[in-house]
Amino acid sequence: MSDTKLMIRFFTVADYEEEEIWLRQNHKNGWKLVKTVPPCFYVFESCAPEDVVYRLDYKNNTENSDYFQLFQDYGWEYFNRCMGWLFFRKPVSETDTEQDAEIFSDDVSRIDMVDHIVRTRMLPLLIIFFCCVMPNFIRSLNESTSFADLFTILFALLFLLYLYLFLHCGLRLRRLRRKYSKRP
Amino acid sequence: MDNKIRRIYVPMTESGFYILYCLQQPQHGYGIGQRVKQMTGGELVISAGTMYGTLSKMEKDGLIAFVREEEKRKLYQITSLGAKILELEIHRIERLYKNSRGENVNE
């Protein structure tokens, strides 16, 4: 039986390029990813060290049955699904050209994916923030019982967490979008 | 023709053009990719995600339609709307080509 190990690492929706590099590095070190458990758990299995490209596609469960067949035809192994993301890998030895190791061949489709993330992940989060987190935070500030103080702290923490995630994801997605649209 | 569709697709991406062009005959995604590679001498490669995304968008916009399934693969073919768009695009590319050679276009 092969060894397994659990690793904890947090990647936001805007960090998929870093996640791909990290997974490739792990496979090079003899650990291949088996599955992920939200929000930040990665289960690895020991394997022969190999240079394997990892690619993440965000489909938010809109893909049809043809999708997996197409990726399989292109030589991609599909092995995991997590929060709308689909995980693929392919050994570098099976790629002839640089494009064989990519799931997107033009920047229009890369930008489409970023926009899809913004539309289905960032916007709902923004609505929850303005309709739920912020009003509760403000309301709890106006109440003065000790019970309410606990909520104030709780909502303050939530408020800060949200703010951090917004700034981080928003700026990163904008940077990715710019990178893709500036390329020749 | 719908002006919105025309605005989106004329001009279209290089991958979009080749996909629409190949779908004058029924074909599935991977088959289109292989054909384009061969037609362009390997200069244009369309990856899986780009292929899937373009096919779904074109199907949604009515430029292509699902015809049948063959060995778990969906076969698509161009529609009359798609053919009109393709014609406009070919006309535009011909003008570009002629002008790039220093020729004028006589309408």
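**Exercise 1. Backbone outliers**

In which loop of chain A is A:Asn61 found? Locate this residue in the predicted model, then characterise its backbone and its exposure, and treat B:Glu71 likewise.

*Solution.*

Step 1. A:Asn61 is found in the loop between strand E4 (52–58) and helix H2 (65–73) of chain A.

Step 2. The phi of A:Asn61 is near 60°, a positive value in a residue other than glycine. As a point of reference, most residues other than glycine have a negative phi, and most peptide bonds are trans.

Step 3. A:Asn61 has 9 other C-beta atoms within 10 Å and therefore counts as exposed, the limit for that class being 12 or fewer.

Step 4. B:Glu71 also carries a positive phi, of about 45°, although it is not a glycine. Its place is the loop between strand E1 (64–70) and E2 of chain B. B:Glu71 counts as exposed because it has 6 C-beta neighbours inside 10 Å.

**Exercise 2. Cis peptide bonds**

Identify a cis peptide bond in chain A and one in chain B, and place the second residue of each bond in its loop.

*Solution.*

Step 1. In chain A, the bond from A:Pro38 to A:Pro39 is cis, with omega near 5°. A:Pro39 sits in the loop between strand E2 (31–37) and strand E3 (41–46) of chain A.

Step 2. In chain B, the bond from B:Val10 to B:Pro11 is cis, with omega near 0°. B:Pro11 belongs to the loop between H1 and helix H2 (14–22) of chain B.

**Exercise 3. The architecture of chain B**

Describe the secondary structure, extent and burial of chain B, and use B:Arg7 as a local example.

*Solution.*

Step 1. Chain B has five helices and two strands, and their order along the sequence is α-α-α-α-β-β-α.

Step 2. The C-alpha trace of chain B spans about 50 × 35 × 20 Å along its principal axes.

Step 3. Chain B has 107 residues, of which 30% count as buried. Of the contacts in chain B between residues at least 6 apart in sequence, 48% join residues at least 24 apart.

Step 4. B:Arg7 lies in helix H1 (residues 3–9) of chain B. With 8 other C-beta atoms within 10 Å, B:Arg7 is exposed. From its C-alpha atom to that of B:Leu75, 68 residues apart along the chain, the separation is 26 Å.

**Exercise 4. A helix pair in chain B**

Give the geometry of the packing of H3(B) with H4(B), and list the residues that make the contact.

*Solution.*

Step 1. Two packed helices are described by the angle between their axes and the distance between the axes.

Step 2. For helix H3 (residues 29–39) and helix H4 (residues 48–60) of chain B, the angle is about 115° and the axes are 10 Å apart. The crossing of H3(B) past H4(B) is right-handed.

Step 3. H3(B) contributes B:Gly29, B:Ile32 and B:Gly33, while H4(B) contributes B:Met51, B:Tyr52 and B:Leu55. By class, these residues comprise four nonpolar, two polar and no charged.

**Exercise 5. From the chain interface to the core**

Which element gives the largest share of the side of chain B that touches chain A? Relate the answer to the largest nonpolar core.

*Solution.*

Step 1. The interface brings 16 residues of chain B into contact with 19 residues of chain A. On the chain B side, H3, H4 and strand E2 (73–78) each give two or more residues.

Step 2. The largest share, six residues, comes from H4(B). The chain B side as a whole divides into six nonpolar, seven polar and three charged residues.

Step 3. The largest nonpolar core has 38 residues, and those touching the most other members are A:Leu70, A:Phe71, B:Leu20, B:Ala48 and B:Met51. H4(B) gives the most to this core, with five residues.

Step 4. Neighbours within four places in sequence being left aside, B:Ala48 is in contact with A:Leu70, A:Phe71, A:Tyr74, A:Trp76 and A:Ile103. A second, separate core of five residues includes A:Val13, A:Ala14, A:Met113 and A:Ile117.

**Exercise 6. The domains of chain A**

State the domain bounds of chain A and describe the contact between the domains.

*Solution.*

Step 1. The domain assignment gives domain 1 (4–101) and domain 2 (107–182) of chain A. Their centres, taken over C-alpha atoms, are separated by 26 Å.

Step 2. Six residues of domain 1 are in contact with 11 residues of domain 2 of chain A. The domain 1 side has three nonpolar, two polar and one charged residues.

Notes: Residues numbered from 1 in each chain as written. Chains lettered and ligands numbered in written order. Predicted model: local features only at pLDDT ≥ 70, side-chain atom pairs only at ≥ 80, totals over all residues. Axes fitted to C-alpha atoms, helices over the stretch in contact; angles between N-to-C directions. Helix = DSSP H or I, 4+ residues; strand = E, 2+ residues; numbered from the N terminus. Left-handed = near helix turned anticlockwise from the far one by under 90°. Contact = placed C-beta atoms within 7 Å. Nonpolar A, V, L, I, M, F, W, Y, C, P; charged D, E, K, R; others polar. Domains from an automatic or database assignment. Core = buried A, V, L, I, M, F, W, Y, C linked by C-beta atoms within 7 Å. Buried ≥ 20, exposed ≤ 12 C-beta atoms within 10 Å, placed from the backbone.
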